[in-house]
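Work through the exercises below with the sequence and the three-dimensional view side by side. Try each task before reading its solution.

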Amino acid sequence: MRRLAAAAASTIIALTVLPTAAVAQPSNDAVAPSGSDRDARTSLSPFARQLGRQALPAGDGWAAAGPGTTGGAAAGADQIHVVSSRAELVAALGGDNATNATNATSKIVYVRGGIDGFEDTDGRLLDCTDLADPEYSLEGYLAAYDPAVWGRVTPSGPLEEARRRSVTNQTSQTQINVGPNTTIIGLRGARLTGLTLMIDRASNVIVRNITFDDARDCFPAWSPTDGEAGNWNSQYDLVSVRRSENVWIDHNTFTDGDNPDSAQPVYFGRPYQVHDGALDITHTASLVTASWNRFSGRDKVMLIGSSNTVGPDVGRLNVTLHHNLFDGALQRLPRVRFGQVDVYNNAYRLGGDGFEYAIGVGVQSAVHAESNHFTLGADVSAADLLYDWGGTAITARGNWIKSAGAPSRPVDLVAAYNAAHDPALSPDAGWTPTLRHGPVLPAPLVPLVVGPLAGAERLPL
């Protein structure tokens, strides 16, 4: 088996790391911009230059549909940037964070080292108090909207309005807007901390080889009618894809770092949750491929579709997830509404306090889950891997599980779910994926290949 895994790994590296057929060869790299940006660019290795211009391989998931995904492969020499601060990142993406989402110039942005979304233009690190509206304080908010005082009614009035103004302040600081025809790729050690990379109405975007860390919300909202006991809800994802097509998210690591939700205080009897999703794909986005990413120790990971309302999302939200590692994550791996979502050759390591489910079957969703491998802690069974969020069907074939203290074995995810839950899910989601790059690995090989190769720091940069 290990020989097979090694052979599979060699094939995967050849197909997904440096597929020369998918690299747009630059015509003008000999012309370099002036100043420090030129000096940084000329220090790039040949591998870094090649990977910066790499397009998504043909047939590699839903993002290969239509025109395919090339990101900034056509960038001229004056649109190749190496950045190491928030200000430089904003400048490379167009110059003005408020309007960068509409900057369609082809561009390649290399991230060097760590960049913090709370970094001011002069390099000073801000904190939540710097972004808070003068009329907002958490102490005042907790006193005003304590259910014992306020009741189970949605907060309103001056303190809630001040909280919303504070959110506006944080959004303008920590939400980094990305325009179309862009590649953002990390050099070794690249880390984006405390920010949301927002891809909204920005088609043809590639994001690779970056560790995304702790996109914390300074001003979570209390939602007393969310669930039986209410919940705190935060706003910021690590990466958010909205109203965009042809987006490739590859070889990244998503984590809360040293600020996990499990370490947050409890207010109103509920955890004070300061993180939202790791990679959310919503608001009619479609044609997205997420490959070779590592999602570590997070609660909410991936929401595909943000509303149960039948409308513009119908026929959209088509996403491929392959060769990702979900390690110690608790839910939304992914949770799906409406879309045709291909989930194949992913590795799951699940268990521990707070685990809820792996794949959420939502309204009108059509998930095809094939040849995934689930390693389960003692407190998780095969019946816990699916969750019915108002959906009716999921196709699941060739999947395996490894329960605590037992060898790996095949599992029928739908049958296991149906044996423990009512109403039952249908085992046919009504479609068969055709956009796949390379062979589908047998599930037993998946953890041997995905474990060492998924996440940031695996590409030769």
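The exercises that follow concern a predicted model, and each task is followed by a solution in steps.

**Exercise 1. The open sheet**

Task: Find the order of the strands in the open sheet of ten strands, and state which strands stand at its edges.

Solution: Begin with the order, which reads 1-2-5-8-13-18-21-24-27-30, with parallel pairing. Next, look at the two ends of this order: strand 1 (80–83) and strand 30 (394–397) each have a single partner strand, so one side of each is left without a neighbour in the sheet. Neighbouring strands of this sheet are turned by 10° against each other on average, when direction is ignored. Finally, take one pair in detail: strand 27 (residues 366–370) and strand 30 are joined in the parallel sense by four bridges, and glutamate 370 has arginine 397, in strand 30, as its bridge partner.

**Exercise 2. Strands 22, 25 and 28**

Task: Describe how strand 25 pairs with strand 22 and with strand 28, and name a pair of opposite residues in each case.

Solution: Start with strand 22 (325–327), which runs parallel to strand 25 (residues 347–350) and is joined to strand 25 by three bridges; here aspartate 327 stands opposite arginine 349 of strand 25. Then turn to strand 28 (residues 373–376), whose pairing with strand 25 is also parallel and extends over four bridges. In this second pairing, alanine 347 is placed opposite histidine 373 of strand 28.

**Exercise 3. Backbone exceptions**

Task: Locate the cis peptide bonds from leucine 333 to proline 334 and from aspartate 422 to proline 423, and then examine the positive phi values of asparagine 209 and arginine 332.

Solution: As background, most residues other than glycine have a negative phi, and most peptide bonds are trans. The bond from leucine 333 to proline 334 is cis, with omega near 0°, and proline 334 belongs to the loop between strand 22 (325–327) and strand 23 (335–336). The bond from aspartate 422 to proline 423 is likewise cis, with omega near 5°, while proline 423 is placed in the loop between helix 9 (413–420) and helix 10 (446–453).

For the phi values, consider first asparagine 209, whose phi is near 60° and whose place is the loop between strand 8 (205–208) and strand 9 (211–213). Arginine 332 has a positive phi of about 60° and lies in the loop between strand 22 and strand 23. To decide whether these two residues are buried, compare their relative accessible areas with the cut-off of 20%, under which a residue counts as buried. Asparagine 209 has 1% and is therefore buried; arginine 332, at 12%, also counts as buried.

**Exercise 4. The nonpolar cores**

Task: Which residues touch the most other members of the largest nonpolar core, and which element contributes the largest share?

Solution: The largest nonpolar core holds 73 residues, and within this core Ile199 and Leu385 touch the most other members. The largest share, four residues, comes from helix 9. Apart from this core lies another, of 17 residues, including Leu142, Val167, Phe219 and Trp222. To see the surroundings of isoleucine 199, set aside the neighbours within four places in sequence; the contacts then include Val178, Val205, Val207, Val239 and Ile249, and also Ser240 and Arg242.

**Exercise 5. Two polar side chains**

Task: Is histidine 322 buried or exposed, and which side chain makes a polar contact with the side chain of asparagine 231?

Solution: Histidine 322 is part of strand 21 (residues 319–322), and its relative accessible area is 2%, so this residue is buried. Its side chain is joined to that of aspartate 60 by a polar contact of 2.7 Å. Beyond four places in sequence, histidine 322 touches residues among which are Thr289, Trp292, Tyr344 and Asn346.

Asparagine 231 is part of strand 11 (residues 231–233), and its side chain makes a polar contact of 2.8 Å with the side chain of arginine 270. A polar atom of the asparagine 231 side chain also lies 3.1 Å from the backbone oxygen of aspartate 226. Ala221, Trp222 and Ser223 are among the other residues that asparagine 231 touches. As a last step, compare sequence with space: asparagine 231 and histidine 437 are 206 residues apart in sequence and 41 Å apart from C-alpha to C-alpha.

How values were computed: Residues numbered from 1 in each chain as written. Predicted model: local features only at pLDDT ≥ 70, side-chain atom pairs only at ≥ 80, totals over all residues. Heavy atoms only, no water. Buried < 20%, exposed > 50% of the residue type's maximum accessible area, 1.4 Å probe, protein only. Pairing = 2+ DSSP bridges. Core = buried A, V, L, I, M, F, W, Y, C linked by side-chain atoms within 4.5 Å. Contact = heavy atoms within 4.5 Å. Polar contact = N/O pair within 3.5 Å; in protein donor to acceptor, adjacent residues only side chain to side chain. Axes fitted to C-alpha atoms, helices over the stretch in contact; angles between N-to-C directions.
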